[in-house]
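Hi everyone, thanks for coming. I'd like to walk you through a structure that's new to most of us, so let's get it up on the screen.

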Amino acid sequence: LLTEYRKGFWERIGCHARGRVEFDERWAPQASKVWNVLYGSNAMFLKVFGDKVGFFVMQKSGYYLGVCVDSIQYLLNFKKQE
(Lines give C-alpha, C1' and ligand atoms only; values in the text may rest on other atoms or scores of the structure.)
Protein backbone atom coordinates (compact mmCIF):
# COMPACT_ATOMS: atom_id res chain seq x y z
CA LEU A 1 0.00 0.00 0.00
CA LEU A 2 1.07 3.56 -0.62
CA THR A 3 1.98 5.53 2.45
CA GLU A 4 1.93 8.92 0.73
CA TYR A 5 -0.08 10.63 -1.96
CA ARG A 6 1.63 10.85 -5.35
CA LYS A 7 0.33 13.09 -8.09
CA GLY A 8 -0.89 11.40 -11.24
CA PHE A 9 -0.18 12.43 -14.83
CA TRP A 10 -2.95 15.04 -15.09
CA GLU A 11 -2.15 16.53 -11.71
CA ARG A 12 1.52 16.88 -12.66
CA ILE A 13 0.57 19.00 -15.68
CA GLY A 14 -1.69 21.34 -13.73
CA CYS A 15 -5.11 19.78 -13.26
CA HIS A 16 -6.71 20.05 -9.83
CA ALA A 17 -6.29 17.01 -7.59
CA ARG A 18 -10.04 16.62 -6.99
CA GLY A 19 -11.21 18.17 -10.26
CA ARG A 20 -14.69 19.17 -9.15
CA VAL A 21 -15.73 21.51 -11.97
CA GLU A 22 -18.92 22.58 -10.20
CA PHE A 23 -16.73 24.03 -7.42
CA ASP A 24 -14.36 25.66 -9.95
CA GLU A 25 -11.62 23.15 -9.15
CA ARG A 26 -10.69 22.36 -12.73
CA TRP A 27 -7.08 23.62 -12.55
CA ALA A 28 -4.51 23.67 -9.78
CA PRO A 29 -4.20 27.22 -8.39
CA GLN A 30 -0.59 27.70 -9.53
CA ALA A 31 -1.38 26.61 -13.10
CA SER A 32 -4.82 28.10 -13.72
CA LYS A 33 -3.69 31.05 -15.86
CA VAL A 34 -1.67 28.86 -18.22
CA TRP A 35 -4.47 26.31 -18.56
CA ASN A 36 -7.09 29.00 -19.21
CA VAL A 37 -4.98 30.33 -22.10
CA LEU A 38 -4.50 26.81 -23.48
CA TYR A 39 -8.19 26.06 -23.12
CA GLY A 40 -9.09 29.29 -24.91
CA SER A 41 -6.78 28.50 -27.81
CA ASN A 42 -8.22 24.99 -28.14
CA ALA A 43 -11.76 26.39 -28.06
CA MET A 44 -10.77 28.73 -30.89
CA PHE A 45 -9.53 25.77 -32.97
CA LEU A 46 -12.88 24.03 -32.41
CA LYS A 47 -14.84 27.06 -33.59
CA VAL A 48 -12.62 27.87 -36.57
CA PHE A 49 -11.70 24.41 -37.87
CA GLY A 50 -14.50 22.19 -36.60
CA ASP A 51 -14.59 19.09 -34.44
CA LYS A 52 -12.17 16.82 -36.30
CA VAL A 53 -9.26 19.25 -36.46
CA GLY A 54 -10.04 20.84 -33.09
CA PHE A 55 -10.05 17.54 -31.20
CA PHE A 56 -6.90 16.42 -32.99
CA VAL A 57 -5.14 19.64 -31.93
CA MET A 58 -6.33 19.22 -28.32
CA GLN A 59 -5.08 15.65 -28.12
CA LYS A 60 -1.69 16.41 -29.62
CA SER A 61 -1.15 19.59 -27.61
CA GLY A 62 -2.01 17.76 -24.37
CA TYR A 63 0.33 14.92 -25.25
CA TYR A 64 3.26 17.19 -26.06
CA LEU A 65 2.63 19.34 -23.00
CA GLY A 66 2.82 16.19 -20.86
CA VAL A 67 6.06 15.13 -22.56
CA CYS A 68 7.57 18.56 -21.88
CA VAL A 69 6.53 18.51 -18.22
CA ASP A 70 7.85 14.99 -17.69
CA SER A 71 11.14 15.89 -19.42
CA ILE A 72 11.62 18.99 -17.30
CA GLN A 73 10.86 17.07 -14.11
CA TYR A 74 13.28 14.33 -15.15
CA LEU A 75 16.04 16.87 -15.80
CA LEU A 76 15.42 18.65 -12.49
CA ASN A 77 15.47 15.37 -10.57
CA PHE A 78 18.62 14.30 -12.44
CA LYS A 79 20.40 17.51 -11.39
CA LYS A 80 19.37 16.96 -7.75
CA GLN A 81 21.00 13.53 -7.72
CA GLU A 82 24.40 14.80 -8.92
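I'll talk about one helix, then a patch on the surface, then a pocket. Before we start, keep in mind that this is a predicted model.

Okay, the helix. Find α2, which runs over residues 32-49. It has 18 residues and reaches 25 Å from its first C-alpha to its last, close to the 26 Å you'd expect at 1.5 Å a residue. Right after α2 comes G50, and its phi is positive, near 90 degrees.

Now stay with α2 and look at the surface. Which residues form the nonpolar patch there? They're M44, V48, F49 and V53, and together they have about 380 Å² of accessible area. Helix α2 gives the most to that patch, with 3 residues. One residue to pick out is F49, which sits in α2. So is F49 buried, partly exposed or exposed? Its relative accessible area is 48%, and because anything from 20% to 50% counts as partly exposed, that's where F49 falls.

Last stop, the largest pocket. Its volume is about 260 Å³. There are 14 residues lining the pocket, and W35, N42, M58, S61 and G62 lie nearest its centre. As for elements, those giving two or more residues to the lining are α1 (9-12), our friend α2, and α3 (51-81). Which of the elements gives the most to that lining? That's α3, with 6 residues.

So if you take one thing back to your desk, take α2: it contributes to the nonpolar patch, and it also helps line the largest pocket.

How values were computed. Residues numbered from 1 in each chain as written. Predicted model: local features only at pLDDT ≥ 70, side-chain atom pairs only at ≥ 80, totals over all residues. Heavy atoms only, no water. Patch = residues over 30% accessible without salt bridge, like charges linked within 9 Å, V, L, I, M, F, W, Y side chains within 5 Å. Areas by Shrake-Rupley, 256 points an atom, 1.4 Å probe, with all protein chains shown as cover. Salt bridge = Lys/Arg side-chain N within 4 Å of Asp/Glu carboxyl O. Helix = DSSP H or I, 4+ residues; strand = E, 2+ residues; numbered from the N terminus. Buried < 20%, exposed > 50% of the residue type's maximum accessible area, 1.4 Å probe, protein only. Expected span 1.5 Å × (residues − 1). 1 Å grid on protein atoms, 1.4 Å probe; cavity = no way out; pocket = protein on both sides within 12 Å on 5 of 7 lines; lining within 4 Å. Points joined across faces, edges and corners; volume = space filled by probe spheres on them.
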